[in-house]
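Me: Please take a close look at one part of this structure, the packing of one pair of helices. Then set that part among the sheets and other helices that it leads to.

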Amino acid sequence: MTMKGLPYNFLILLAMAVLAYASVYLWFSYQAAESEFNKIHNVTNNATGTVLGTRHLETDRHTKTWQKKDEIKKDVNTQKVAKTKTGFTTRKEAKNETGFTTRKEAKNETGVNWTMSSSAVSLRDSPPSRVAPQKYLIYVCHRRPYCGGWSDRQRGLISVFMAALLTDRRFGIIMDNPCNVTHFYEPVGVNWNIPAAELINKTSIEINDMGSKAGVSNVLRTEDFNERYPQDVVYIKTNSDNYPIAMSHSERYAKKMPDWAKSKSGAVLFANIWKRMMRPSPFLQHRLNDYLRSIGYEKRTQPLLCCHVRVARSETIKNDGPSRLNVSDVTILWKFFRPYVQNGSKVFVATDNYEVRNSSRQWFGRNASDSGGNIIHIDRHRGGRDDACGGFGFAVLDQLILSKCDLLVVTNSGFGMRAAYIRGKSENLFRFTKKQVKQIKLR
């Protein structure tokens, strides 16, 4: 059999020869290519490295860079640890150091959860090296009404002062209603004017102990105040003067009472505390000196007569508490003063009622005097803040003048009685009540 005249067997042999030649050619081409590749590889590698090698070098370079960053990061962390060990702590850590722990930390300390670090255990087991943080007890009447009048505030102030003393807290006063009390009084003995920045980031609680609540008095009588109120700062708004009495009956606090506070006389106790806490500011002292100079106080030959007449609700102060005295009854008091005035005595009248002031001027003419200021109730005034502050100033000036008098008549008011306490004597001390003037003694 043939294909176009050629024998079939010849064609098969020709195809096999072509395939053999192609195989030999491809093998020699591969060997030549490999040899050339190796030659190029060796030259390049000896010079700068292969492309692949260059990629490895770049990778190594990045790896070393990140390793260096990790080393820097570790170093920073080490420095943070070192900084913490030197005493610089975060706010959370500082809070924990005051003795307040989170629920998780409390759980750790019971041994139920063993995730606490060994360093924390060693710190807890080591003896304490820090002084206990300062704690504060602060009387507050801060930009809000209903702290009471000046005598209510005085009662609260002496109570909080004594409580701070016996509970080992720093005493402070924040009173800017209707304006800052530091306009009129400044610290003496104990610096109660605490900078606001000193109280930032401290745990605190505010207690309203006004009126008949008596909650804090009961705590001071029967409990450990600092266990009941563990906060760094305890703010108290109160008009109670019962704290010293409550602490004098406490097994915990009675033994800490200083000798000057052991008086059974409320008048003596108030005067002792007040004089250890307050003195007139230069402004208030100047106003007092001006008034005394105007009436010839230093050269007087006759007693200075004084009275505080508390009427309460009237046309003068319509939102005050119930009336305590009829204005028409004040003539009984003027008749009591008349013999003294006829002998040349001056009469100073402090009152919460314009009618009473005008009546005294009509009765005694040039011998009558008063501070002349606007009459307001510092806790109930709803006019301008400047008017209220001015009224506050006249009120504290009136009380200071009353404390300088040779003969003093008070009515049913804590304001007048505290003037008598500061005055400090029972001689020529009277009370006008129930249409009569009766001599009384300080208790």
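Reply: Helix α12 passes α13 in a right-handed crossing (the near helix is turned clockwise from the far one by less than a right angle; anticlockwise would be left-handed). This is a predicted model, in which local features need pLDDT of at least 70 and side-chain atom pairs count only at pLDDT 80 or more, while totals for chains, interfaces and linings use all residues. Residues are numbered from 1 along each chain as its sequence is written, and side-chain values use heavy atoms, with hydrogens and water left out.

Helix α12 covers residues 330–342, and its axis comes within 11 Å of that of α13, the two crossing at roughly 35° (axes are lines fitted to C-alpha atoms, for helices over the stretch in contact, with angles from 0 to 180 degrees between N-to-C directions). Helices (H or I, at least four residues) and strands (E, at least two) are DSSP runs, numbered from the N terminus.

From α12, the contact takes in Val330, Thr331, Trp334, Lys335, Phe337, Arg338 and Val341; from α13, it takes in Val356, Ser359, Ser360, Trp363 and Phe364 (contact means heavy atoms within 4.5 Å). By class, these residues are seven nonpolar, three polar and two charged (Ala, Val, Leu, Ile, Met, Phe, Trp, Tyr, Cys and Pro are nonpolar, Asp, Glu, Lys and Arg charged, the others, Gly among them, polar).

Helix α13, residues 354–364, also lies across strands β9, β10 (347–351) and β11, and it runs at about 165° to β10. These strands belong to an open sheet of six, ordered β11-β10-β9-β12-β13-β14, with mixed pairing (two strands pair if DSSP finds at least two bridges between them). Strands β11 (368–369) and β14 (436–439) stand at the edges with a single partner strand each, so one side of each has no neighbour in the sheet. Within the sheet, β9 (residues 305–309) and β12 (residues 407–410) pair in the parallel sense over three bridges. Cys306 stands opposite Leu408 in β12.

Another helix on this sheet is α15, which lies across β9, β12 and β13 (429–433) and runs at about 150° to β12. Helix α15 (residues 414–423) leads on to helix α6 (residues 150–166): their axes come within 8 Å and cross at roughly 55°. That makes α6 oblique to α15 (under 35 degrees counts as roughly parallel, over 145 as roughly antiparallel, 65 to 115 as roughly perpendicular, and the rest as oblique). The crossing of α6 over α15 is left-handed. Trp150, Ser151, Gln154 and Arg155 of α6 make this contact with Gly414, Phe415, Arg418 and Ile422 of α15. The residues divide into three nonpolar, three polar and two charged.

Helix α6 packs against α10 (residues 266–277) as well, at an angle of about 85° and with the axes 10 Å apart. The two helices are therefore roughly perpendicular to each other. On the α6 side the residues are Trp150, Gln154, Leu157, Ile158, Phe161 and Met162, which meet Phe270, Ile273, Trp274, Arg276 and Met277 in α10. Here the division is nine nonpolar, one polar and one charged.

A disulfide joins Cys141 and Cys147, with their sulfur atoms 2.1 Å apart (a disulfide is a pair of cysteine sulfur atoms within 2.5 Å). The link is right-handed, with 100° about the S-S bond. The whole structure has three disulfides.

There is also an open sheet of four strands, in the order β4-β3-β7-β6, with parallel pairing. Its edge strands are β4 (170–175) and β6 (204–209), each pairing on one side only. Neighbouring strands in this sheet are turned by 25° against each other on average, direction ignored. Strand β6 pairs with β7 (residues 233–238) in the parallel sense over six bridges, and the bridge partner of Ser204 in β7 is Val233.

Two backbone details concern the loops on either side of β5. The peptide bond between Asn177 and Pro178 is cis, with omega about 0°, and Pro178 is in the loop between β4 and β5 (185–187). Asn201 has a positive phi of about 65° although it is not a glycine; this residue is in the loop between β5 and β6.
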